[in-house]
Amino acid sequence: MITERRPILLCICPALISGLLLSGCFPKKVGPAGPDGKRLTWDMMGAEQRKTHMKTAVMPRAAELFRSWRPENYAVTDCTLCHGKGARTGDFHMPTGHLPRLSGDWTLRPEFEKYPETTRLKLDRLVPLMSEALGKKSFSLVTRRGFGCYSCHLGPSGPLFGN
Ligand code: HEC
Ligand code: HEC
């Protein structure tokens with residue numbers, strides 16, 4: 001019995017593993033072509049390439065999202081929306097103290113209690129939009145790593161979750 005099953009297992013395992021690898025293939029190559037002709041991932045891009053990518057792939061979509069959410073506050077937005085004054089002096093470091101610090105609770109319970117609307121918007125729309133634009137995996141509750149709230153916001157005493 002056991003010897004009969006083995007070949008099947010040997011067949012299925014590589015198929016399963018390559019399936020998992022393909023579906024979970026991060027980081028994605030979202031940037032311009034590099035020296036070898038292959039597109040670059042966000043992490044491989046240089047400072048100028050990152051700026052251009054922010055301008056073309058992030059800014060228009062983020063501006064549209066914030067504008068459609070609260071036109072009265074976000075009719076006109078620019079790089080300072082996320083980067084604060086740093087954007088004017090070339091400091092684009094994230095996460096940033098320009099944005100309000102969050103609780104540090106990875107379940108986001110305090111945020112859902114205090115700011116239900118913005119927390120929903122961020123979780124359902126902004127985080128997926130940003131992850132896609134940067135070719136990064138969204139924050140995972142299992143690994144507690146990935147692109148999420150703390151990729152932009154600081155926790156009570158500094159960066160959290162590997163950011
Ligand atoms: C919606 C929020 C948002 C807006 C708007 C935005 N950025 Fe960013 N930016 C980020 C985040 C988040 C990161 C960090 C990405 C990462 O590494 O995970 C980042 C990173 C960067 C970096 C790389 C910083 C580093 O340490 O290498 C540059 C450069 C940058 N942004 C430039 C810009 C420019 C220029 C604009 C305006 C055209 C802009 N950004 C608008 C969210 C934003
Ligand atoms: C791409 C960057 C980015 C990410 C990711 C992000 N935020 Fe924000 N957050 C912002 C910006 C920009 C503002 C608005 C700041 C402003 O208006 O000056 C903000 C504001 C907030 C505020 C303050 C709201 C208020 O009314 O004062 C809360 C709370 C908040 N975010 C929670 C979250 C939570 C929870 C997540 C994850 C689910 C998250 N954010 C993810 C950029 C981000």
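Helix 2 and helix 7 pack against each other with their axes 9 Å apart. The angle between helix 2 and helix 7 is about 165 degrees. An angle over 145 degrees counts as roughly antiparallel, and helix 2 and helix 7 are therefore roughly antiparallel to each other. Their crossing is right-handed. The model is a predicted one, and these values are computed from it.

The contact draws on residues of both helices. Helix 2 brings Ala57, Val58, Arg61, Ala62, Leu65 and Trp69. Helix 7 answers with Leu121, Arg125, Leu126, Leu129, Met130 and Ala133. By class, 10 residues of this contact are nonpolar and 2 are charged. No polar residue takes part.

The overall fold is described next. The chain holds 7 helices and 0 strands. Read from the N terminus, its elements run α-α-α-α-α-α-α. The chain has 163 residues, of which 16% count as buried. Contacts between residues at least 6 apart in sequence were also examined. Of these, 39% join residues at least 24 apart.

Two ligands are present, and each has its own shell of residues. Around ligand 1 there are 18 residues. Met54, Ala62, Cys79, Cys82 and Phe92 come nearest to ligand 1. Helix 2, spanning 47-69, supplies at least two residues of this shell, and so does helix 4, spanning 80-83. The largest share comes from helix 2, with 8 residues. The shell around ligand 1 has 12 nonpolar residues, 3 polar ones and 3 charged ones. Ala62 appears both among the residues nearest to ligand 1 and in the contact of helix 2 with helix 7.

Ligand 2 has 20 residues around it. Those that come nearest are Glu111, Tyr115, Lys122, Cys149 and Cys152. Helix 4 supplies at least two residues of the shell around ligand 2. Helix 7, spanning 116-134, also supplies at least two. Helix 7 gives the most, with 7 residues. By class, the shell around ligand 2 divides into 13 nonpolar, 5 polar and 2 charged residues. Helix 4 thus contributes to the shell of ligand 1 and to the shell of ligand 2. The two helices that pack together also serve the ligands: helix 2 gives the largest share around ligand 1, and helix 7 gives the most around ligand 2.

Several backbone features lie outside the helices. Two peptide bonds are cis. One runs from phenylalanine 26 to proline 27, with omega near -5 degrees. Proline 27 sits in the loop between helix 1, spanning 2-23, and helix 2. The other runs from methionine 94 to proline 95, again with omega near -5 degrees. Proline 95 is placed in the loop between helix 5, spanning 86-89, and helix 6, spanning 109-114.

The loop between helix 5 and helix 6 also holds leucine 108. Leucine 108 is not a glycine, yet its phi is positive, at about 65 degrees. A residue is buried if 20 or more other C-beta atoms lie within 10 Å of its own, and exposed if 12 or fewer do. Leucine 108 has 16 such neighbours, so it is partly exposed. Phenylalanine 161 likewise has a positive phi, near 55 degrees, in a residue other than glycine. Phenylalanine 161 belongs to the segment after helix 7. It has 18 C-beta neighbours inside 10 Å and therefore counts as partly exposed.

Methionine 44 lies in the loop between helix 1 and helix 2. With 13 C-beta neighbours inside 10 Å, methionine 44 is partly exposed. Beyond its neighbours within four places in sequence, methionine 44 is in contact with Gly31 and Gly34. Methionine 44 and glycine 34 are 10 residues apart in sequence. Their C-alpha atoms are 8.8 Å apart in space.

Notes: Residues are numbered from 1 along each chain as its sequence is written. Chains are lettered from A and ligands numbered from 1 in the order in which they are written. This is a predicted model: local features need pLDDT of at least 70, side-chain atom pairs count only at pLDDT 80 or more; totals for chains, interfaces and linings use all residues. A residue is near a molecule or strand if its C-beta atom, placed from the backbone, lies within 6 Å of it. Helices (H or I, at least four residues) and strands (E, at least two) are DSSP runs, numbered from the N terminus. Ala, Val, Leu, Ile, Met, Phe, Trp, Tyr, Cys and Pro count as nonpolar, Asp, Glu, Lys and Arg as charged, and the others, Gly among them, as polar. Axes are lines fitted to C-alpha atoms, for helices over the stretch in contact, and angles run from 0 to 180 degrees between N-to-C directions. Angles under 35 degrees count as roughly parallel, over 145 as roughly antiparallel, 65 to 115 as roughly perpendicular and the rest as oblique. A crossing is left-handed if the near helix is turned anticlockwise from the far one by less than a right angle, and right-handed if clockwise. Two residues are in contact if their C-beta atoms, placed from the backbone, lie within 7 Å.
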